[in-house]
Amino acid sequence: QVQLVESGGGLVQAGGSLRLSCAASGRTISTYSMGWFRQAPGKEREFVAAINWRGGNLYYADSVKGRFTISKDNANNTLSLQMDSLKPEDTGVYYCAAGSFMATMISARVWKMYPSWGQGTQVTVSS
């Protein structure tokens with residue numbers, strides 16, 4: 001399995017931006033579909049964004065569409081999430097995930113499709 005380490009979280013005011021990174025090791029991510037999920041205190045883990053292994057299809061939760069951008073750099077084995085116009089409801093622990101499957105609009109949103117997970121990075125958006 002691929003090992004994943006997230007970074008880039010922090011505290012930001014509403015309307016601000018953060019860029020999360022996920023460094024992969026052990027396997028090349030060129031053959032992996034990858035995603036970002038988040039979990040707020042007392043809530044279930046929820047899908048944020050995903051990119052299929054070819055990199056040509058991007059999927060976003062409705063709540064972040066137009067504000068977040070996912071990207072995959074196969075050469076550097078990294079996944080990124082650019083988060084703009086942040087809102088307090090974006091607060092949570094953000095997790096990077098990887099799976100060797102062809103992500104579709106439906107499967108990309110299912111956390112059980114991803115066997116590999118990072119430890120998470122905290123994002124806090126103050127109002």
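Here are three short exercises, with worked solutions, on a predicted model.

**Exercise 1.** Find where Thr 121 sits and decide whether Thr 121 is buried or exposed.

*Solution.* Start with the secondary structure: Thr 121 belongs to strand 11, which covers residues 121–126. Next, take the accessibility: Thr 121 has a relative accessibility of 11%, so this residue counts as buried, the cut-off for buried being under 20%. Then look at the surroundings: beyond neighbours within four places in sequence, Thr 121 touches several residues, including Glu 6, Leu 20, Val 93 and Tyr 94. Gly 9 is also among these contacts, and the backbone nitrogen of Gly 9 lies 3.2 Å from the side chain of Thr 121.

**Exercise 2.** Work out which residue Arg 38 pairs with in a salt bridge, and classify the exposure of both partners.

*Solution.* Begin with the pair: the partner of Arg 38 is Glu 46, with 2.6 Å between the closest N and O atoms. Now the exposure: Arg 38 is buried because its relative accessibility is 5%. Glu 46, at 34%, is partly exposed.

**Exercise 3.** Locate the salt bridge between Arg 67 and Asp 90 along the chain, then place this pair in a network.

*Solution.* The N-to-O distance in this bridge is 2.8 Å. Arg 67 lies in the loop between strands 6 and 7, and Asp 90 in the loop between strands 8 and 9; the pair links distant parts of the chain, 23 residues apart. Both Arg 67 and Asp 90 are buried. Finally, bring back the earlier pair: salt bridges link Arg 38, Glu 46, Arg 67 and Asp 90 in a network.

Technical notes. Residues numbered from 1 in each chain as written. Predicted model: local features only at pLDDT ≥ 70, side-chain atom pairs only at ≥ 80, totals over all residues. Heavy atoms only, no water. Helix = DSSP H or I, 4+ residues; strand = E, 2+ residues; numbered from the N terminus. Buried < 20%, exposed > 50% of the residue type's maximum accessible area, 1.4 Å probe, protein only. Polar contact = N/O pair within 3.5 Å; in protein donor to acceptor, adjacent residues only side chain to side chain. Contact = heavy atoms within 4.5 Å. Salt bridge = Lys/Arg side-chain N within 4 Å of Asp/Glu carboxyl O.
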